[in-house]
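Q: I should like to learn how to read the features of a structural model. Could we work through one together?

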Amino acid sequence: MGAVAIAASLLTGCVNTKFKTDATVQSFVVADEPYAAGIGRDIITQGGRAGDAVAAMALAMTASLPSRVGLTGGGVCVLFDAAAKQARTIDFLPRPAGAGSVAMPAMLRGLYAVQASAGVMRWEQVVAPAEQMAQFSPGLSRALVQDLGSFGGRLAADSDTRRRLLAGGAPVVGTVAAQPELAATLSVLRRQGVGAFYSGPLATTVAQGMGLDPAQLRAYQPRVAGTLTVPFDITDLHVADVGGPESGAALIQAWKAVAGLPPAERATRAAQLLGAGGTGATAAGAGVMVIDPYENGAACAFTQGAPFGTGRGIPGTGMLVAQGVDRGGFGAPALIANSIVGRTLFAGVGTSNGDDGPAAGPAALLSVALPSGLDEKSTAPQIQATRPQSIPGRVSFVGCRVSSEDGVRYCRTAADPRANSLALTVESERERN
């Protein structure tokens, strides 16, 4: 198992430094929607950290990928603080809370916790790009058009989302589809803060539109905990500490169970142990991941429950009502980090498409952590290309190795083409002491 894990953290690729001070620093941003990836890049360029970038990307996807990410939904993040050399889970799953298993809207307080603990920017700086995207649409992305084609029939005829995104009939990539109702909601959140969603006039609208007890909405808080880990030689695998079926504990059990198998058998056997396979409607997920200039890591998976949630909208807000979930099959975020020196060496998220059966997200994640023939000559793109097609789900990741000669970190990204994901590298000058 140690050999497998060491290999997983020794992936070749682009250069980034920890010990050299005469080179540019590279950061890595990946998102399951290309416009969101661009916003993550901009946040890092402007001096943001991993927490700022993942929060900004998630908010952007409420406009650019509402099939999977929304203000009434939620998710889970794994964070690694390179300076403190600590990892944590922020659990904001949109668990069932109302009639018909309607979700508790966990997204905003969850993202606020992520950004507050792993970011440095002001909240309004993180929200503004999403507001601009909703107000001035850059055009429908291939990722959203794909979901509209597969799941658009779930949208209620009177929802703001259907009226804006399907006004012209069959969706076409590049079609401009502004969402002024959602932009107005994001404007309130930018100006008044996250609290406006849980208490006040907007909270009243949300509670009524979702059929929730206003007191229950007001009291909601995300759960902050440690991570579940598999220790290796000098690194640790960190997965989210969330309970229930398809949990982080199940993922680690599968990892340990297959560690002694021949490399070619590991990923497939791990998927079987997780209960992945077959078809059927499941919660759909979307992922984002960042390794920032300070070698902090963040990996997050988000969901609306079912694709486009319940399909119902909250009139005048641009929001869809999310479906509650109590299990992690929609998405599995993970990091591999060296807690001795403080550096992130792997950030990945496996997600479900929404029609690929149970445990698709965790199975997809392990399919790149335990691939056939994984060694330090395998790059992230090579691992992605040879991932067993029989394993369901989507997965994107950043993988790094560290040179024993000069301490330089080499990283490569691998965006999953099935999710129309985008990976970007951001170069900046290293700050000198």
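A: We may begin with a single residue of this predicted model. Arg223 has a relative accessible area of 38%, so it counts as partly exposed.

Q: With which residue does Arg223 form a salt bridge, and how far apart are the closest N and O atoms?

A: A salt bridge requires a side-chain nitrogen of Lys or Arg within 4 Å of a carboxyl oxygen of Asp or Glu. Arg223 pairs in this way with Asp241, and their closest N and O atoms are 3.4 Å apart. Arg223 lies in strand 7 (residues 223-225), while Asp241 is in the loop between strand 9 (236-240) and helix 12 (248-258), so the pair ties together parts that are 18 residues apart in sequence. Asp241 is partly exposed because its relative accessibility is 22%.

Q: Which residues are joined into one network by salt bridges that share partners?

A: Two further bridges may be described before the network. The side chains of Arg41 and Asp42 meet at 3.3 Å, N to O. Arg41 counts as partly exposed at 34% relative accessibility, and Asp42 is partly exposed at 34%. The side chains of Arg387 and Asp416 form a salt bridge at 3.7 Å, N to O. This pair links distant parts of the chain, 29 residues apart: Arg387 is in the loop between helix 15 (380-385) and strand 16 (394-402), and Asp416 is in the loop between strand 17 (409-414) and strand 18 (422-429). Both Arg387 and Asp416 are buried. As for the network, shared partners join Asp91, Arg95, Arg223 and Asp241. The structure holds 13 salt bridges.

Q: How many residues does helix 5 have, and what span should they give?

A: The check sets an expected length against the model. Helix 5 (residues 123-135) has 13 residues, which at 1.5 Å a residue should span 18 Å; the end C-alpha atoms are 19 Å apart, in agreement.

Q: Which residues of helix 5 are buried, and what covers them?

A: Burial is read residue by residue, with under 20% relative accessible area as the cut-off. In helix 5 the buried residues are Trp123, Val126, Val127, Ala130, Glu131, Met133 and Ala134. Their cover includes helix 2 (34-45), helix 3 (50-64), helix 4 (107-118) and helix 8 (180-192). Helix 14 (residues 360-369) is mostly covered, with 10 of its 10 residues buried; among them are Gly361, Pro362 and Leu365.

Q: Which residues does Ala332 touch, leaving aside those up to four places away in sequence?

A: Contacts show what surrounds a residue. Ala332 lies in strand 14 and is buried, since its relative accessible area is 7%. Beyond residues up to four places away in sequence, Ala332 touches Leu251, Ala301, Gly348, Val349, Gly350, Gly361, Pro362 and Leu365. The C-alpha atoms of Ala332 and Ser352 are separated by 9.2 Å, and the two residues are 20 apart along the chain.

Q: Which residues make the nonpolar surface patch of about 270 Å²?

A: The patch is made by Ile234, Ile340 and Val341. Ile340 sits in the loop between strand 14 (331-338) and strand 15 (343-351), and it counts as exposed because its relative accessibility is 57%.

Q: Where is the pLDDT below 50?

A: The mean pLDDT of the protein chain is 89, and 91% of its residues reach 70 or more. Over residues 1-22, however, the pLDDT is below 50, although this stretch has 82 contacts in the model beyond near neighbours in sequence. Where pLDDT is low, the predicted coordinates should not be read in detail.

Notes
Residues numbered from 1 in each chain as written. Predicted model: local features only at pLDDT ≥ 70, side-chain atom pairs only at ≥ 80, totals over all residues. Heavy atoms only, no water. Patch = residues over 30% accessible without salt bridge, like charges linked within 9 Å, V, L, I, M, F, W, Y side chains within 5 Å. Areas by Shrake-Rupley, 256 points an atom, 1.4 Å probe, with all protein chains shown as cover. Helix = DSSP H or I, 4+ residues; strand = E, 2+ residues; numbered from the N terminus. Buried < 20%, exposed > 50% of the residue type's maximum accessible area, 1.4 Å probe, protein only. pLDDT = per-residue confidence, 0-100. Contact = heavy atoms within 4.5 Å. Expected span 1.5 Å × (residues − 1).
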